[in-house]
Amino acid sequence: MNRRMSLAVLTSVMLMSLLAAAQQPARTTSDSELEKIKTPPLPEFHPQIPKRVVLPNGMVLLLQEDHELPLIDGTMRIRGGSLLEPADKVGLVDIYGDVWRTGGTKDKTGDQLDDFLEARAAKVETDGSSDSTIVSFSCLKPDFEDIFKIFLDVLQNPAFREDKIALAKFQLNTSIARRNDDIGQIARRVSTQLAYGPKNPYARFPEYSTVAAVTRNDLVAWHQQYIQPNNIIFGVVGDFDSSAMEARIRQAFASWPNGPEAPKPQITFTPEKPQLYFIPKEDVNQSNIQMVSPGIERNNPDYFAVEVMNYAFGAGFSARLTKDLRTAKGLAYAVGGGVGSAFDHPGIFRLAMGTKSATTAEALEGLKEELQKLVADPPKGEELRSAKDTILNAFIFNFDSKAKVLREQMAYEYYGYPLDFLDRYRAGIEKTTAEDIARVARKYVHPEQFVTLVVGNPEEIGDQLKRLGAVAKWDITIPPPPPSSHAAGQQAR
Amino acid sequence: MKSPLRKVLPALLLVLMVFPAIAQELDLASFEKRITVKKLDNGLTILVMQRPEAPVFSFYTIVDAGSVQDPQGQTGLAHMFEHMAFKGTTGIGTTDWPAEKAALEKVEEAYAAYRAERYKTVGRDEDKVKQLEHAWKDAIARAQQYVVPNEFDQLLESNGGRGVNAFTSWDETAYHYSLPANRVQLWAYLESERFLHPVMREFYKERDVVIEERRLRTDSQPIGRLVEQFLGESFATYPYHRPTIGYFSDLNYFSATDAKAFFDQYYVPANMVVAIVGDVKPAAVIPLVEKYFDRLPARPQPAPVHTTEPPQNSEREVELQETAQPFYLEGYHRPNYRDPDDAVYDAISDLMSNGRTSRLFRALVRDKKIAAEAEGFSGFPGNKYQHLFAFDAVPLPGHTPEEMRKAIHEEIEHLKTTDVSDEELKMVKTRAKATLIRGLADNAGMAFQLALYQLRYGDWRELFRSVERIDKVSKEDIRRVASKTFQPTNRTVGIIQTIPGASNPQGEKEQ
């Protein structure tokens, strides 16, 4: 029973993790003892930046020595993900990301790999996401050479055995069958569709028919097309010598020629028109409310001011949404939101809240009022200072481990952001003024343009929503498996 | 593949983490040098571990009281107090403490009068109930005028606090966050102050927040509903049968006065351990800790729980008819964490559940192809007292809880009748060591482990010494403990059966 509900429970709003180093006392209170406490300057700290190497075939290496523990971890992030899979085969990259590893290599089955790796408490794993696929390893230092060989084998010689394709499809079909069991999952999924359009590759999801349509040939073809050294960023962190590691990796990939680059997906964003949607769910006593409208890209010059606004508005316990709707009105345990941002496409400006059925309309009105207030009375003075302090005083947590620094650098490298983005971020936050906040509030906060979704118990909610205006339906019925396929797994025995 | 059960019980997951071994590369001696333990005169124990990787630190304060300590008729109170520990102090969160104090006393008087009338079964006057409720709400409004909302949170967050949070489980209550290393003094002041001068302000609004938390986690989640019923069935006398979040009727009953009484009884320095890990030097931290935490008054330690669960002599079962997809859960009583066989249970859990080589994955997911996931684990719902070793499985579409039951029992029988292989046993031990090593690179995780082991064993070194315990587990131990524990009469089963509903008219046909 955590006191703080992570927003993830209600929504997948991506709020960048934040942080920093201003030295003024963060705030004044009536507590006299507190006033006496001195905060010395934070010692000078220069995070260790990984060594960057570009191989002749185009692979980018980032090597981060970390000698604290006898461990070595590596991650390859490879361009091309589910955004590029065909609409009639949604789920392809998900299955690929699973079977790439579980399907074994030409010499060893996936089960043999499992036995070998787990006996050494090591991992070699693969995964697929919207814009990339990943192959990674993690091992104790003395096992590195053994594990690295397996890693290379998985990378270059996957077998995609049929039995594991079937297993991956069972798993995916299980998640399809269960996707309407959890109210939070319904709300997250549908609100993303409302924000981006239901056919948008960031919002679509697999069906029994699209899973059934994926074949082994699709996986093999995907591998041949995308797994090219020039599509790869390879980050390694741990207890090694960078020069030796660089030599080992150069040797491993010396004969691997570059290949075609992954295409950039062409994506259109078509939000649904702003109105209220309702999805009935009879077995709950709390409504899940989501309000969505377009967010921004992180390379937008307004990003820094938007971040400060988000902190004052909807992130954390001292933000307006928590203060007003949770603390003062007791309407919610979980409430939050903000202008979402992503590296290479618009994020979602999302508000999310869970409230008992009886206060659904009151909560909705409360969220709307907060949006209006954000434009009419944007954070300034003490509220602004507190939001900036929250980001800047915690800035150090952006690079408090070498692995974290490596992950950040890999992301900047992947999306073509300046490698000193964090420094720019801090400077951008520092110089944000009340005028900036007022301006971005006017520019991005349009209360009348939000699409609203309520998932909840129709009987308990009664006519509350109708009193607010027209209510549209959104069908979440799961289309049954195609008759010819064994999609739902019934053939298993 | 995160287990659905553990998703419902995040606090449980924390308690379940076992670090049963240390690698040869990291001996206890090297940790002796980095860890300082200080026991204050009032009984509070503080641990400081130096880990100067970056100028930050994390801490955990663990209080040896959880929902097991909730008074009868006041379930949810331990968790409720946890929420109140973020409401500020006599100096933080108020514009005028003396006036607020007087106003809060009036709130409690009004609530006591209202409560007395509301719960009368004979001679209740409904008009009087309304009138007293009104008076209580008026008193709340008057107290509210002195409140600086969320000031304690704001203070922490604007000073760079990360992960500002807490959790309550059946076994304990824990508070934690991370700060930049230049704010140790601020931390020592605030963390001691919140337990020296706690204020039950905005109590009844926060109670509404907690009730929303109950709706979110328990009432509106199929597995949340199952777990509440399942635990109610599993334990007859022991408080593990009650939900940490509390029952509706109790949540709507208890008062700020009740919460303060709970605090006075259980938030006793000798009943608490604080661990701080990061870029901190004992020479600098210990004097600050003494200065601030010494202020907490020594009070008698609460009496330990003495009730034990009587032997379960017959199998029990709960079945929920839900429109959600099916699910299977079963649990067997086992002794508490101090049992000499504790490490054997850990080994069984690892063997049955950890990764694609695990027995349950290979049998139910890979070979029989009837489940999407399956696991067996100790520590349900806590492990401080006698508890359950549980198994659960998520059926594939078209497969039934009954098939899960049968397949799990086959694996259990196998465990009882056939020795595990040398390779399996070695793998379990190797993985335990690696898990410990991987956990060391995390300030917050280490602070939690050190505080918990210090509290549970009186010595943090037990975290590392458990290497010997797990290394000594033999094949015979596994068969013996499995045979002793996994008996039908010691079993409680929980099932979700799927029935058609308005939102899934076709249902998922059970065969």
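## Exercises on a predicted two-chain model

Helix 4 (residues 77–84) of chain B packs against helix 12 (residues 256–266) of chain B at an angle of about 95 degrees, and their axes lie 9 Å apart. The model is predicted, and the exercises below begin with this helix pair.

**Exercise 1.** Classify the orientation of helix 4 of chain B relative to helix 12 of chain B, and state which residues meet in their contact.

*Solution.* The starting point is the angle between the two helices, which is about 95 degrees. Angles of 65 to 115 degrees count as roughly perpendicular, and helix 4 and helix 12 of chain B are therefore roughly perpendicular to each other. The next step is to list the residues: helix 4 of chain B brings Leu77(B), Ala78(B), Met80(B), Phe81(B) and Met84(B), which meet Asp258(B), Ala259(B), Phe262(B) and Phe263(B) of helix 12 of chain B. Sorted by class, the residues of this contact comprise eight nonpolar, no polar and one charged.

**Exercise 2.** Determine which strands of chain B pair with strand 11 of chain B, and in what sense; then explain why strand 11 is largely enclosed.

*Solution.* Take strand 7 (residues 316–322) of chain B as one partner: its pairing with strand 11 is parallel and extends over seven bridges, with Gln321(B) standing opposite Gln497(B) of strand 11. Strand 8 (residues 327–334) of chain B also pairs with strand 11, here in the antiparallel sense and over six bridges, and the bridge partner of Phe327(B) in strand 11 is Ile496(B). As for burial, seven of the eight residues of strand 11 (residues 491–498) of chain B are buried, so this strand is largely enclosed by the rest of the structure.

**Exercise 3.** Decide whether chain A is as compact as a globular protein of its length or not.

*Solution.* Begin with the inventory of chain A, which holds 17 helices and 14 strands. The radius of gyration of chain A is 25 Å, and because this is close to the 23 Å that the globule rule gives for 493 residues, the chain is as compact as a globular protein of that length. The C-alpha trace of chain A spans about 65 × 65 × 40 Å along its principal axes, and 52% of the 493 residues of the chain count as buried.

**Exercise 4.** Work out the strand order of the open six-strand sheet in chain A and identify its edge strands.

*Solution.* The order is 1-2-6-3-5-4, with mixed pairing. The edges are strand 1 (51–54) and strand 4 (123–128) of chain A, each of which pairs on one side only. On average, and with direction ignored, neighbouring strands of this sheet are turned by 15 degrees against each other. Within the order, strand 3 (residues 71–79) and strand 5 (residues 132–140) of chain A run antiparallel and are joined by nine bridges, and Leu71(A) is found opposite Leu140(A) of strand 5.

**Exercise 5.** Describe the side of chain A that touches chain B by its elements and its residue classes.

*Solution.* First establish the extent of the contact, in which 75 residues of chain A are in contact with 83 residues of chain B. The elements giving two or more residues to this side of chain A include helix 1 (32–36), helix 3 (110–119), helix 5 (162–177) and strand 12 (348–356) of chain A. Helix 5 of chain A supplies the largest share, six residues. Finally, the classes on this side of chain A are 31 nonpolar, 23 polar and 21 charged residues.

Conventions:
Residues numbered from 1 in each chain as written. Chains lettered and ligands numbered in written order. Predicted model: local features only at pLDDT ≥ 70, side-chain atom pairs only at ≥ 80, totals over all residues. Buried ≥ 20, exposed ≤ 12 C-beta atoms within 10 Å, placed from the backbone. Helix = DSSP H or I, 4+ residues; strand = E, 2+ residues; numbered from the N terminus. Pairing = 2+ DSSP bridges. Contact = placed C-beta atoms within 7 Å. Nonpolar A, V, L, I, M, F, W, Y, C, P; charged D, E, K, R; others polar. Rg over C-alpha atoms; globule rule 2.2 N^0.38 Å. Axes fitted to C-alpha atoms, helices over the stretch in contact; angles between N-to-C directions. Parallel < 35°, antiparallel > 145°, perpendicular 65-115°, else oblique.
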